[in-house]
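Dear colleague,

I am passing on the structure we talked about, with the sequence alongside. Please have it open while you read the notes that follow.

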Amino acid sequence: MNLPWLENAALKGLQRLDAETAHRLTVLALKNGVMPGRTPVSDPRLAVKLWDLTFPNPLGMAAGFDKNGEVPDALLKLGFGFTEVGSVTPKPQSGNPRPRVFRLPEDQGVINRYGFNNEGHAALRKRLDGRPRLNGIVGINVGANKDSADRIADYVAGITEFADIASYFTVNISSPNTPGLRDLQARSALADLLTGVISARDDCTRTLGRHVPVLLKIAPDVTDDDLQDIVEEVLAKNVDGLIVSNTTISRDGLSGSGPAGEPGGLSGRPLFRKSTIALARSRKLAGPDLPIIGVGGIDSAETAWTKITAGADLLQLYSSLVFKGPALIDEILTGLSARLDEHGLSSLREARDANVEAWAAETG
């Protein structure tokens with residue numbers, strides 16, 4: 001079977017459709033086995049050990065693609081080292097009106113304003129309970145309903161509901177598409193949120209005898225002072241890690257063509273610089289021990305390597321697959337192996353932080 005030819009043909013076909021329809025068809029193709037798995041890149045130097053988890057490689061599928069946990073195992077079979085489902089909210093919600101996602105081909109970017117559309121806790125629970133118990137790492141990204149009277153309670157409910165089956169949790173307070181959600185990044189609100197979430201997780205740990213890591217996902221648009229507050233609270237509350245970053249509301253550097261002016265969060269290549277600066281500054285503030293997942297604009301082995309050297313332990317991508325397809329997974333992992341060869345390194349950890357100072361000094 002000529003897999004690259006088939007994948008390229010399918011990718012071109014999907015790009016002719018509107019972005020949300022193409023996304024849904026891709027999920028269905030994975031769900032029904034139409035998109036075959038790939039032989040994973042095997043290089044023990046790419047394995048990453050964090051918490052009690054061993055990631056076979058550092059590259060993960062970011063939240064937002066598999067919102068309802070329909071295809072975590074199919075994604076792992078594509079070669080990802082881990083995947084993240086959600087964001088999931090306690091109650092189902094339809095999100096914002098369509099159209100709500102837009103490709104920017106000239107900029108290799110995507111704007112979305114989905115608004116946490118998902119089927120809710122109960123549907124995700126049923127689906128994950130029914131999946132084959134493989135050894136793959138599947139994180140769960142928890143969020144709050146748009147109409148929630150108590151958003152902290154929504155996050156706590158997510159922790160309680162999924163603690164026995166989540167490999168790790170992501171607390172998502174960084175989406176620009178739920179009004180007021182990013183306000184939870186302010187220090188006092190964040191302190192209350194993290195206190196509630198970590199307390200709920202610790203209760204589950206005592207009950208289950210298993211520690212589930214909790215990571216905080218932040219926006220790239222925070223000020224330096226706000227970022228310092230966020231990192232200090234993360235360290236003070238014993239949060240297990242950071243994900244830097246979600247989409248940006250900035251439109252700096254776009255060509256201005258197509259739907260560039262649509263409201264929503266911008267991801268893909270235009271986010272790379274801003275998110276990498278935020279990553280490096282987060283690493284400087286947090287120190288060497290806090291695990292950080294670098295996200296935003298990864299679309300090649302070079303950009304993946306840059307994230308590692310700017311302070312990332314693990315990586316996630318999503319938008320670049322819209323333009324490059326699943327062959328990108330192999331390209332990145334093979335390229336990371338080649339760079340380890342080039343620099344004579346035995347692990348990615350040895351490369352981490354090499355360019356933190358330079359990136360932290362950049363202006364975004």
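**Cores, a helix and three single residues**

In this model, which is predicted rather than determined by experiment, the largest nonpolar core holds 80 residues, and among these Ile-140, Tyr-155, Phe-169, Val-171, Leu-216 and Leu-242 touch the most other members. Helix 6, residues 187–208, gives this core its largest share, namely seven residues. There is also a second, separate core of twelve residues, including Val-48, Ile-137, Ile-243 and Leu-314.

To see what surrounds one member of the largest core, you could start from Val-171, which, when neighbours within four places in sequence are set aside, is in contact with Val-142, Tyr-155, Leu-193, Val-197, Val-214, Leu-215, Leu-216 and Lys-217.

The residue you may wish to look at next is Ser-175, which the "active site" annotation of an unreviewed UniProt entry covers; that annotation may be inferred rather than shown by experiment. Ser-175 is found in the loop between strand 8 (169–172) and helix 6, and it counts as buried because its relative accessibility is 7%, under the 20% cut-off. Its contacts, again without neighbours within four places in sequence, are Phe-116, Leu-181, Arg-182 and Asn-246. In addition, a polar atom of the Ser-175 side chain lies 3.1 Å from the backbone nitrogen of Asn-177.

Helix 2, residues 19–31, has 13 residues, which at 1.5 Å a residue should span 18 Å, and its end C-alpha atoms are indeed 18 Å apart, so the two values agree. At the start of helix 2, the backbone nitrogen of Glu-20 has a side-chain oxygen of Asp-18 within 3.2 Å, while after the helix comes Gly-33, with a positive phi near 75 degrees. The buried residues of helix 2 are Ala-19, Glu-20, Ala-22, His-23, Thr-26, Val-27, Ala-29 and Leu-30. When reading that list, please bear in mind that an α-helix has 3.6 residues a turn, so residues three or four places apart point the same way.

Two charged residues remain. Arg-131 sits in the loop between helix 4 (120–129) and strand 7 (138–142), and with a relative accessibility of 14% it counts as buried; beyond its neighbours within four places in sequence, Arg-131 is in contact with Pro-72, Asp-73 and Val-138. Lys-49, by contrast, belongs to strand 1, residues 48–50, and counts as exposed because its relative accessibility is 68%. The C-alpha atom of Lys-49 is separated by 25 Å from that of Asp-203, which is 154 residues away along the chain.

With best wishes

Technical notes
Residues are numbered from 1 along each chain as its sequence is written. This is a predicted model: local features need pLDDT of at least 70, side-chain atom pairs count only at pLDDT 80 or more; totals for chains, interfaces and linings use all residues. Side-chain values use heavy atoms; hydrogens and water are left out. Helices (H or I, at least four residues) and strands (E, at least two) are DSSP runs, numbered from the N terminus. Buried means under 20% relative accessible area, exposed over 50%, partly exposed in between (1.4 Å probe, protein chains only). Contact means heavy atoms within 4.5 Å. The expected span of a helix is 1.5 Å times one less than its number of residues. A polar contact is a pair of N or O atoms within 3.5 Å; within protein, one must be able to donate a hydrogen and the other to accept it, and residues adjacent in sequence count only if both atoms are side-chain atoms. A nonpolar core is a set of buried Ala, Val, Leu, Ile, Met, Phe, Trp, Tyr and Cys residues joined through side-chain atoms within 4.5 Å.
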